[in-house]
Amino acid sequence: MENPNLEPEMVSIRCPGCGQRFKVSPELEGKMVECGSCDHRFRVGEEVTIRSKKFYPGERKDPSLERFGRVPLQSGPAPQFEAAPMSMVQEHQAEPHVFVEPVSPQRVILGFAGVIGAAIVALIMVFGGSPGGMLDGAPMSNRLVLVGFTSLVASLLVFIANRHQRLKAVLGSLAIFGCLMPLPFVFRQGLPTDTTPVPMPLEPAGGLTSEGIISIEEDPYAELKSEIGYSKLAEALEVYGADGVSQGKTAVGVWVRDIRLFNLDQVFNFLVRSTGASAESWSYPRPPSDHLVVLRDVPPGLTSIAELCDEFGSVERVIDELNLIEVKVDNQTFLQGELDKMQDPGDPSFYELNRRELESIDLQRAQSAVKRLVEVEPKLYRSDIVKRLQELFEEGDLSMKRDVARALINWAADDDGSIAAVRIAASELQSNGEEVPDSVIQFLVKKRDEGSIDLIHALWLKEPQDWEALYGDLGAMIEPSLLSGFESYDPLAQLSAVRLLARVGTSAALPALKKAREDASAEVRVSMDRAIDVISKREP
């Protein structure tokens, strides 16, 4: 028997305006409704009702139909309904229309966009005032404009997403305004401050005029400090005490003017790398196209840093009182030459363009030029290129040292100082426990540098198999080093030394080999016999 308490089945309708489908109660039959998607009003009737197609038994061969009973159910007594009062019927019929609204994806997206945009601006307000942040140096008025405009736009999006739920839209907008507007007053980091000290001397600095009026001297750099936001440099100098110098270190400001934003990283990295500044150094934007670079933990004195600034612009002013250098950037120095000409050794401008690339303050461009010069014949600008390669060997990282050493094998001459420069740099790497690139040792071996024997011998002792071939390329000059501690070598190093002596040894090595042979293992003894035989035949 059917359950009389079941709710009436919902009626499927389609909006004649946009085609959106809805399910409504049968009670709305014949009443005006409004589409929540396109706002079109229409009356629920046969013309908008979606009817499922009827079929009769036997028309469809669907196994799932077998679960329905074949004997019709008996209908129970007809339910008795109480007639509604006439007043309720008239009140219900007086309603002009019923609003029907499905979940609209467009409005959901707008609501999410408003909330997410407000959240992003809130994060900017919280963290953007840190050194180098988006709001570093921004005045309070600009911050208020940012949060006010964001709150207005986000509230408008929330209203559009909930236009039929006014209370929800109002509460959401108030929440956005309440969260964003207080942030500029709570997070005040990065606000510009007036760092010009107010003098309070016991006696007037200017003295008395003839009329008895006290004259006060004004700060001649007050306008400049305001323009560049000197507070960041002043804060950095305070760390080094009253004199601005502590343990031979200080802070220096470089006012970089008229620089294109995509060139700023090259300039900043160049200054930090060349001056040895600490990682706490930072760059602060100063609209419209200037930046204040504050270098920390650099040696006192502005002359050397000013000379570095000549690499990318012209030094306008050096102000010792403020520890500040003003530089007007020449953005043309950052332009790269034609790549096809720089890659073609047969082009007349190949050497000139690559020499300019070596001078670039961008180490990546310089390293690319080094790689292009590795295999070519040193025809033009040899002395200039070798000099710059030596500088890059000292400035660059391990990858740069590896490529420069490969280029110096081809470009360096015996009397241009490259051998000593590479040897000293390789010794520093070894003493610091850093990796010494193979190409560096190849360069020293090819130049047959006797001063590098101790360096290569130490590398060979640690890893005999890796360095044996290069060590042996030095020839007979390594024999004294091999024999100096021959008996104290570990078995692997001793076996490698025997092979090296067989390759480059002289008759001076025979006594040591014969003496060590008595206590050597069977495997080492065979190698020693072979080495003694080879040396004896080579030098009877």
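Me: A salt bridge is a side-chain nitrogen of Lys or Arg within 4 Å of a carboxyl oxygen of Asp or Glu. This is a predicted model, in which local features need pLDDT of at least 70, side-chain atom pairs count only at pLDDT 80 or more, and totals for chains, interfaces and linings use all residues. Residues are numbered from 1 along each chain as its sequence is written, and side-chain values use heavy atoms, with hydrogens and water left out. How many salt bridges does the rule give?

Reply: The rule asks for a nitrogen and a carboxyl oxygen within 4 Å. Counted this way, the number of salt bridges is 10.

Me: Which residue meets Arg 365 in a salt bridge?

Reply: Arg 365 is buried (under 20% relative accessible area; exposed is over 50%, partly exposed in between; 1.4 Å probe, protein chains only), because its relative accessible area is 12%. Its partner has a relative accessible area of 3%, so that residue is buried too. The N to O distance is 2.9 Å, and the partner is Glu 357.

Me: Which residues are joined into one network by salt bridges that share partners?

Reply: Here salt bridges share partners, and that links residues into one network. Its members are Arg 257, Arg 317 and Glu 326.

Me: Is Glu 34, which bridges to Arg 41, buried or exposed?

Reply: The two side chains meet at 4.0 Å, N to O. Arg 41 is partly exposed, because its relative accessibility is 48%. Glu 34 has a relative accessible area of 11%, so Glu 34 is buried.

Me: In which helix do Glu 352 and Arg 355 both lie?

Reply: Their closest N and O atoms are 3.0 Å apart, in a salt bridge. Both residues are buried. They sit three residues apart, about one turn of the helix, and that helix (residues 350–358) is H11.

Me: How are helices defined, and how many residues of H20 are buried?

Reply: Helices (H or I, at least four residues) and strands (E, at least two) are DSSP runs, numbered from the N terminus. Helix H20 covers residues 491–504 and reaches 20 Å from first C-alpha to last, close to the 20 Å expected at 1.5 Å a residue (1.5 Å times one less than its number of residues). Among its buried residues are Leu 495, Val 498 and Leu 501. H20 is largely enclosed by the rest of the structure, because of its 14 residues the number buried is 10.

Me: Which helix gives the most to the nonpolar patch?

Reply: Patches are made of residues with over 30% relative accessible area and no salt bridge; like charges are joined within 9 Å, nonpolar side chains (Val, Leu, Ile, Met, Phe, Trp, Tyr) within 5 Å. Areas come from the Shrake-Rupley method with a 1.4 Å probe, and for residues only the protein chains shown count as cover. Phe 159, Leu 167, Val 170, Leu 171 and Leu 174 make a nonpolar patch of about 480 Å². Four residues come from one helix (residues 166–180), and it is H4.

Me: Is Leu 171 buried or exposed?

Reply: Leu 171 lies in helix H4. Its relative accessibility is 51%, so Leu 171 is exposed.

Me: What charge does the patch with Glu 307 and Asp 384 carry?

Reply: Glu 307 is in helix H9 (residues 303–309), and it is exposed because its relative accessibility is 51%. Lys and Arg count as positive, Asp and Glu as negative; His and the chain ends are not counted. Each charge is placed at NZ of Lys, CZ of Arg, CG of Asp or CD of Glu. Glu 307, Asp 310, Glu 311, Glu 359 and Asp 384 gather on the surface, and the charge of their patch is negative.

Me: What is phi of Gln 247?

Reply: Most residues other than glycine have a negative phi. Gln 247 lies in the loop between helix H7 (231–238) and strand E6 (250–257). It is exposed, because its relative accessibility is 79%. Its phi is positive, near 55°.

Me: Where is Asp 258 found?

Reply: Asp 258 is not a glycine, yet its phi is positive at about 55°. It counts as partly exposed because its relative accessibility is 30%. Its place is the loop between E6 and helix H8 (261–275).

Me: How far apart in space are Leu 389 and Leu 408, C-alpha to C-alpha?

Reply: Leu 389 is found in helix H13. It is buried, because its relative accessible area is 0%. Leu 389 and Leu 408 are 19 residues apart in sequence, and their separation in space is 7.4 Å.
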